[in-house]
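Visitor: I would like a close look at a single part of this protein. Please take one strand and build the picture outward from there.

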Amino acid sequence: MPHAIDRINTGQRTVTATATLIVDKRVSREGVELTKLGTQDLYLASCDNVTTSTGHLFAGACGTSRIYPTTDQIYGIVAAGGIVVTYMEIYPG
């Protein structure tokens, strides 16, 4: 996703076995980079009724990152326990 970055917003959320809001909807955003700080499978969706059966699988080792080009909110869920997810919202330059 090549672009000039004018500003970013960063943070962390602990995602649990209950649907957890990771980032809010922001119409001015170009995308969000998510990084897993654990090894559990993480499931993502843009709605608060995400489940481990309906969410998009974000598998991988600790430190795995992905960029999602979206302005929508992103929710996550794990099967059990919790996982820390860091985010970096990317805004146009």
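Guide: What follows is a walk around strand E3, its partners and the core. The model is predicted.

Start with the setting. The protein chain has zero helices and eight strands. Along the sequence, the pattern reads β-β-β-β-β-β-β-β. The radius of gyration is 13 Å, and the globule rule gives 12 Å for 93 residues, so the chain is as compact as a globular protein of that length. The C-alpha trace spans about 40 × 25 × 20 Å along its principal axes. Buried residues make up 32% of the 93. Take the contacts between residues at least 6 apart in sequence: 81% of them join residues at least 24 apart.

Now to E3 itself. This strand covers residues 31-36. Five of its six residues are buried, which leaves the strand mostly covered.

E3 pairs with E8, and the two run antiparallel over six bridges. Glu33 has Met88 of E8 as its bridge partner. E3 also pairs with strand E6, residues 65-68. That pairing is antiparallel too, with four bridges. Here Thr35 is bridged to Ser65 of E6.

Next, one residue on the partner strand. Glu89 lies in E8. Is Glu89 buried or exposed? Its relative accessibility is 0%, and buried means under 20%, so Glu89 counts as buried. Two polar contacts involve its side chain. One goes to the side chain of Asn9, at 2.5 Å. Another goes to the side chain of Arg29, also at 2.5 Å. Setting aside residues up to four places away in sequence, Glu89 touches Gly31 and Val32, among others. The list also includes Arg7, Ile8 and Asn9, then Val23, Asp24, Arg26 and Arg29.

From there, go to the nonpolar core. The largest one holds 14 residues. Those touching the most other members are Val15, Ile22, Leu34, Leu42, Leu44, Ile74 and Val85. E3 is one of the elements that give two or more residues to this core. The others are E2 (20-23), E4 (42-45) and E8 (82-92). E8 gives the most, with three residues.

Val15 deserves its own stop. Neighbours within four places in sequence are left aside here. Val15 is in contact with Thr20, Ile22 and Leu42. Val15 also meets Gly76, Ile77 and Val78. Further along the sequence, Gly81, Gly82, Ile83 and Val85 complete the set. Two of the core strands lead on to a sheet.

How are the strands of that open sheet ordered? The order is E2-E7-E4-E5, and the pairing is antiparallel. E2 and E5 (56-58) are the edge strands, each pairing on one side only. Neighbouring strands of this sheet are turned by 40° against each other on average, with direction ignored. E4 and E5 pair antiparallel over three bridges. In that pair, Tyr43 has Leu57 of E5 as its bridge partner.

Back to the starting point. E3 is mostly covered. It is bridged to E8 and to E6. It also gives residues to the largest nonpolar core, as do E2, E4 and E8.

Definitions and conventions:
Residues are numbered from 1 along each chain as its sequence is written. This is a predicted model: local features need pLDDT of at least 70, side-chain atom pairs count only at pLDDT 80 or more; totals for chains, interfaces and linings use all residues. Side-chain values use heavy atoms; hydrogens and water are left out. A nonpolar core is a set of buried Ala, Val, Leu, Ile, Met, Phe, Trp, Tyr and Cys residues joined through side-chain atoms within 4.5 Å. Buried means under 20% relative accessible area, exposed over 50%, partly exposed in between (1.4 Å probe, protein chains only). Contact means heavy atoms within 4.5 Å. Two strands pair if DSSP finds at least two bridges between them. A polar contact is a pair of N or O atoms within 3.5 Å; within protein, one must be able to donate a hydrogen and the other to accept it, and residues adjacent in sequence count only if both atoms are side-chain atoms. Axes are lines fitted to C-alpha atoms, for helices over the stretch in contact, and angles run from 0 to 180 degrees between N-to-C directions. The radius of gyration is taken over C-alpha atoms; the globule rule is 2.2 Å times the number of residues to the power 0.38.
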